[in-house]
Amino acid sequence: MYLIVGLGNPGKRFDGTRHNIGFEVIDYLGTLYDISIKKLKHKALIGEGKIKGHRVVLVKPQTFMNLSGESVRELKEWFKIEEINIIIIYDDISIETGRMRIRAKGSDGGHNGIKSIIYQLKSDVFPRIKVGVGQPLHSEYNLADYVLSKFSEEEKADVIDTVRRAADAIPLIIDEGISVAMNEYNGK
């Protein structure tokens with residue numbers, strides 16, 4: 001069984017923002033695999049189903065980004081899932097819009113959602129898909145305002161493509177492993 005978690009903030013006002021790219025990937029996965037993500041459990045909207053014959057739980061924590069780990073830990077304990085079977089999808093400002101990077105483990109990289117998950121799981125060994133949202137053009141731009149901003153019209157085609165590629169990487173991670181997925185998707 002796999003827990004596939006997209007990070008974001010709950011509420012309509014955050015829809016389409018850079019910080020909610022993880023939610024977008026989860027929604028797209030739900031559409032692809034006919035999994036309804038509407039059940040509220042352990043501070044998250046979840047949907048249970050199958051991807052390539054593997055049982056999965058699609059997760060959108062409803063705790064706000066900085067407390068995402070609470071929901072992930074509770075779901076991990078409830079479903080008795082090992083960290084290596086928890087895949088986290090989230091925004092990364094150090095990667096340009098339209099790119100993504102898959103990693104098997106690592107630090108929080110300054111991302112508060114990942115920081116919360118590492119703290120709650122007491123481990124940084126879980127697969128992750130970092131979806132690039134780019135950096136602000138001006139160094140004095142407030143980072144919180146930037147990640148809570150929406151993508152420009154010029155960026156939207158790249159964002160849609162990256163959401164689809166991130167979703168396509170999930171069955172590869174599940175079926176063939178993180179190394180195969182990294183070789184296939186990193187650098188593209």
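Student: How are the axes of H1 and H5 oriented with respect to each other?
Tutor: Angles under 35 degrees count as roughly parallel, over 145 as roughly antiparallel, 65 to 115 as roughly perpendicular and the rest as oblique. In this predicted model, helix H1 (residues 21–32) packs against helix H5 (residues 153–176) at an angle of about 60°, with 9 Å between their axes, and H1 and H5 are therefore oblique to each other. Axes are lines fitted to C-alpha atoms, for helices over the stretch in contact, and angles run from 0 to 180 degrees between N-to-C directions; helices (H or I, at least four residues) and strands (E, at least two) are DSSP runs, numbered from the N terminus.
Tutor: The model is predicted, so local features need pLDDT of at least 70 and side-chain atom pairs count only at pLDDT 80 or more, while totals for chains, interfaces and linings use all residues. Residues are numbered from 1 along each chain as its sequence is written, and side-chain values use heavy atoms, with hydrogens and water left out.

Student: Which residues of H1 meet H5?
Tutor: With contact taken as heavy atoms within 4.5 Å, Ile21, Glu24, Val25, Tyr28, Leu29 and Leu32 of H1 meet Val159, Val163, Arg164, Ala166, Ala167, Asp168 and Ile170 of H5. By class, this contact of H1 with H5 has ten nonpolar, no polar and three charged residues, where Ala, Val, Leu, Ile, Met, Phe, Trp, Tyr, Cys and Pro count as nonpolar, Asp, Glu, Lys and Arg as charged, and the others, Gly among them, as polar.

Student: At what angle do H2 and H3 pack?
Tutor: Helix H2 (residues 68–79) and helix H3 (residues 112–121) pack at about 40°, their axes lying 7 Å apart, and H2 and H3 are therefore oblique to each other. Ser68, Gly69, Glu70, Val72, Arg73 and Lys76 in H2 meet Gly113, Ser116, Ile117, Gln120 and Leu121 in H3, and the residues of this contact of H2 with H3 divide into three nonpolar, five polar and three charged.

Student: Is aspartate 92 buried or exposed?
Tutor: Buried means under 20% relative accessible area, exposed over 50%, and partly exposed in between (1.4 Å probe, protein chains only). Aspartate 92, placed in strand S5 (residues 86–92), has a relative accessible area of 10% and is therefore buried. Leaving aside neighbours within four places in sequence, aspartate 92 is in contact with Lys130, Val131, Gly132, Val133 and Gly134.

Student: Where does arginine 99 lie?
Tutor: Arginine 99 lies in the loop between S5 and strand S6 (100–103), and its relative accessible area of 32% makes arginine 99 partly exposed. The C-alpha atoms of arginine 99 and aspartate 158 are separated by 8.2 Å, although these residues are 59 residues apart along the chain.
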